[in-house]
Amino acid sequence: MNTLKVGDKVPEFSAKDQDGNTIKLSDYKGKKLAVFFYPRANTPTCTVEACNLRDYYAELQDNGYEILGVSEDSEKKQTNFRNKFNFPYPLLADTDHEVIETFGVWGPKKFMGRVFDGIHRITFVLDEDGIITKVIDKVKAKNHAAQILE
């Protein structure tokens, strides 16, 4: 895995969100952005993480942050996930892995003794110019907004 690091400028990317809208990195120029990658919509830990960001969304916005969730789920799965939990931020349906590969979050994982390739749960915090200021690779799903804000 060749994961982006603090100080790296994130290359331009685009992907469809849950509603089929094209979202680009340049849409967030001049804003701080937290991009969180999660393995699968509607799974227990991913739901806890996304709901924590939803619950603290106003506070994150008060601190100048926009939020963008990314997984390889389809637009339909992302729509169902968003509607079920009322997420106020876009969820990218990165089925072709453009954003996943750009950030370098796809690679070998271990679960219950099995090794397989998948998305690593990592969050990147970007400044107003698209430079990474923080990489959170030990995400605490129940306190994720606090990790972004600290």
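**Exercise 1. Place helix 3 in this predicted model: which strands does helix 3 lie across?**

Solution.
- Take helix 3, residues 75-85.
- Helix 3 lies across strand 4 and strand 5.
- Its direction is at about 160° to strand 5.

**Exercise 2. In what sense do strand 4 and strand 5 pair, and over how many bridges?**

Solution.
- Strand 4 covers residues 65-71.
- Its pairing with strand 5 is parallel, over 3 bridges.
- Within this pair, Val 70 stands opposite Leu 92 of strand 5.

**Exercise 3. Give the strand order of the open sheet. Then explain why strand 5 and strand 9 each have one side without a neighbour in the sheet.**

Solution.
- The open sheet has 5 strands, ordered 5-4-3-8-9.
- The pairing is mixed.
- Strand 5 (91-93) and strand 9 (132-136) stand at the edges.
- Each has a single partner strand, so one side of each lacks a neighbour in the sheet.
- On average, neighbouring strands of this sheet are turned by 20° against each other, direction ignored.

**Exercise 4. Describe the largest pocket: what is its volume, and which element gives the largest share of its lining?**

Solution.
- The volume of the largest pocket is about 240 Å³.
- Its lining includes Pro 39, Arg 40, Glu 72, Trp 106 and Phe 116.
- Two elements give two or more residues to this lining: strand 6 (106-111) and strand 7 (114-119).
- Strand 7 gives the largest share, 5 residues.
- Sorted by class, the lining has 6 charged, 5 nonpolar and 1 polar residues.

Conventions
Residues numbered from 1 in each chain as written. Predicted model: local features only at pLDDT ≥ 70, side-chain atom pairs only at ≥ 80, totals over all residues. Heavy atoms only, no water. Pairing = 2+ DSSP bridges. Helix = DSSP H or I, 4+ residues; strand = E, 2+ residues; numbered from the N terminus. Axes fitted to C-alpha atoms, helices over the stretch in contact; angles between N-to-C directions. Contact = heavy atoms within 4.5 Å. 1 Å grid on protein atoms, 1.4 Å probe; cavity = no way out; pocket = protein on both sides within 12 Å on 5 of 7 lines; lining within 4 Å. Points joined across faces, edges and corners; volume = space filled by probe spheres on them. Nonpolar A, V, L, I, M, F, W, Y, C, P; charged D, E, K, R; others polar.
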